[in-house]
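Notebook open, coffee on the desk. Today I'm looking up how one sheet is put together, then where two chains meet.

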Amino acid sequence: MIALSGISKNFGTVKALCNARLNVQEGEIMALLGSNGSGKSTLIKTLAGLVNPNAGKIEVDGKEVEIKSSVDSHHAGIATAFQDLSLVPTMTVIDNMVLGMEPMGRFGMVDRAKSVRMVNEILDRLGVVCDINAYVQTLPTSTQSMIEVAKAVLQKPKVLLLDEVTASLHHDEIQLLFKLVSELKEQGLTIVFVTHRMGEVFQLSDRITIMRSGETVIEEETSKLTMNDIVYYMTGKKPDTQQGKKSAVEKREKELVIDVQDMSLRKIKNISMQAYKGEIIGIAGLQGQGQPEFIRTVLGLLKPEGGSIVYKGKKINYSSPANGIKDGMGFISGDRNKESIFQHRSIQENIYAGKAAIQNIFKYVKTKEIKGFSQKAIDDYNIVVGDLKDPATSLSGGNQQKLVVSRWIALAPDLLLLDDPTKGVDVHSRFEIQEMLRKSAEKGMTVIISSSENEELMEIADRIYVFYEGKISGVLSKEDMTLERIVAAQMGMTSERSEV
Amino acid sequence: MNSLKNSFMRFKRSPAFTGFVLFMIAIIMNLIIRGPGNFFGASSLGTLFAKNAPIILVTLAQAVLLITGTLDISIGIQLALVNVVVIMLPQELGMSVPVAWIFGILAALAISAVGGFLVAVLRVPSILATFALTYVIKGINVLIMNVPQGSVPKEYYGAYDTVLFGFLPVAALIIVGVLLMWMFVKRTKFGKHIYAVGANPRNAFAAGINPTKTIMKAFLFKGLITGIAGISLTLMLAAGNPLQVEGYGLRSLAACIIGGLGFGGWGSMSCAVFGAGFLVLIQNAVYYFFNFLQDILTGFQITSYWQNFISDAIVLLGLLMTTVTAKAQKETLKQGLSRQLKRGEKFAKQ
């Protein structure tokens, strides 16, 4: 039915897909698996026409087709429900669902009665209860996901792609969705779905395709694979037979820096975490399990809905990150352009920005001081720059990130929060950043680092908390830290293991 | 009764609600100052519509662009372009007036196509592109007509100022005509697509919509309304002036925002109607209020600058009020969301 071969896609220097392939037979349900950044979503977007690959061949029904836009994809009989939702939040449910394929009535007007009929029928089948005239942004995320699926089904495709649509769904909604998917399969539809929940894979899929770092590793029938095989193909390592038991947090003699109890907000449910002086805490987890929210709540960017945070012996209730920074926190974001770099300002100003933030606002700053401060940071942390006055964008991604890290480390904060700081950073710079963190930790700085790269966390962290669906599904100390245990906990296997 | 309550609740949450409240306040101010008899009198309403049809029409045109996520601040000077075209063609070439009107609309369409090309195809930010365009259009206007001049045959502007059946001003009919046109367009594919493109071009693209084409079409539709507004302006003044009403560009934007239109895919045409209505009625009320003061206070003299100052200060208050209500709307939205989420959790446990 669909055959992709030799698909490659580069985003700048990052290889998202490298000679990937995907073969789906007519009328089967294919599960597409892989860890973060393995290229599943890029592959789906290639089929949906949102990503144009650099190389490769796409065949539908044995004929080679070019998919350059979503219109081409639609013409090839492919419909996609996206993970990051393609709905327009300020439009009503009904307008969203028929968007781009409005049934036409007289005088070129959209046939409203017909749209209502179409939409109601599909929503009933999926058991979605909502006002079709409500704006999509007023609906809960789970309903939005269901509408996203319904919209794709409404296109009457030959091939249906579901990209992690179950991530925000409730249990009963998932069951309804699965029922629909099975019905569609009986009608001869071909379905490809991406998920991180292993239970779904075995319940639903006929075959499995697993990807790792942009390549397709294996295509196999589901019945021939076990859970351990899947973890093996995803990580490239044999899983540890002993399960990652929740290791008790050992009480240390050291000073407790931050103590989070039962924090909850949005996705996060009752997270507790302790960090001691000089400790590096890793936060692992798949994308969107609540890690960014957790870190930003500690900093004061988001307000917790419940629970308490005790920092340096004081209960804190920050109204803005400025309070956190004043109290000796530092924050480094992986989203450089949005949250840390001032693109058009000079390198020296970028480095000095952290210091400027904790000083008196009217303090007179000499050019010499900025220069000296930033020159020292550059020498200390080995950042490759042209001139101190060049804009920050003149640096490579890795050096930009080192610049941000040095900005904060130079201030010697008591607690440094990092949210995926090495995203899109080359291997060498990554190593240097880890080195900087380790040295600072030895001097007594506490580091909380979230990362999508498990290997990185294992190298640097003293303890790893694994997040799964807004809860902590495992705490691993240095001794029982293995890649397989982290991956298992990331998929919620500590709690869900009995089901599988 | 219940459904009435529901539809009221829905209206209360809709973006047009703030604009509606402000509009009502403006009407009440007018009623207090002038008295219901005077205000709703045919001649009073006729003058009100005849004098303000151009700004109201321009606001409607601007609203179409705001919904599509762009804007055009050269829209005011475009009215002057239409104005000089429809005055000069009969005067210099002896063309008949209705044919000149068609050329006037074509001129508005052409200049809108240029604006659309800059914004949709070349991706120049709309505020910069149309600001630059303002000066280009000014140049064109002065080339066509170097000094204010010209006239309109009496039967045309006379017809524009008439009040049909004793209550229906012709100028109001033009506005209703444009609104009907919008009602139709809103129900076409194009009408749905501008909302999608305005709110999120990427998602619109994923749904198979071509954002470039949609923005271009929106500019052309705006051009059509601008053309009609330009003709109304000409009939109202019965003369030509190459450098007038430039301020309508920003005034129409202010009216849209007061009415509750967001930038990109949020709001409806009724927002524009209420916003423009508020602007116009406040000016009207302030004007009559000063007249009233002059009547009762002997020796009270004041320039029209003070009138503008007061009415624009009230408009500023109106703008402030929209941010307050927007906050309140956000709050209700948040509450609704958390309620829904809690219900969801209950489901999950079962």
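I started at a turn, bearing in mind that this is a predicted model. In chain A, the hairpin of β14 and β15 has two residues between its strands, and there A:K312 takes a positive phi near 50°. The two strands, with β15 covering residues 314-315, run antiparallel and are joined by two bridges. I looked up one of these pairs: A:Y311 has A:K314 as its bridge partner in β15(A).

Next I followed β14(A) to another neighbour. Strand β11 (residues 256-265) of chain A pairs with β14 (residues 306-311) of chain A in the antiparallel sense, over five bridges. Here A:S264 has A:G306 as its bridge partner.

Then I went on from β11(A). Six bridges join this strand to β12(A), again antiparallel. Across that pairing, A:V260 stands opposite A:M273.

What order do the strands take in the open sheet of chain A? I get β12-β11-β14-β15, four strands with antiparallel pairing. β12 (268-276) and β15 of chain A each have a single partner strand, so one side of each is left without a neighbour in the sheet.

I also checked what lies across the sheet. Helix α9 (residues 291-299) of chain A crosses β11, β12 and β14 of chain A, at about 120° to β11(A).

Last entry: the chain contact. Chain A gives 25 residues and chain B gives 25 residues. On the chain A side, α2 (70-75) and α6 (171-186) are the elements that give two or more residues. The largest share, three residues, comes from α2(A). By class, I noted 12 nonpolar, 10 polar and three charged residues on that side of chain A.

Technical notes. Residues numbered from 1 in each chain as written. Chains lettered and ligands numbered in written order. Predicted model: local features only at pLDDT ≥ 70, side-chain atom pairs only at ≥ 80, totals over all residues. Pairing = 2+ DSSP bridges. Contact = placed C-beta atoms within 7 Å. Nonpolar A, V, L, I, M, F, W, Y, C, P; charged D, E, K, R; others polar. Axes fitted to C-alpha atoms, helices over the stretch in contact; angles between N-to-C directions.
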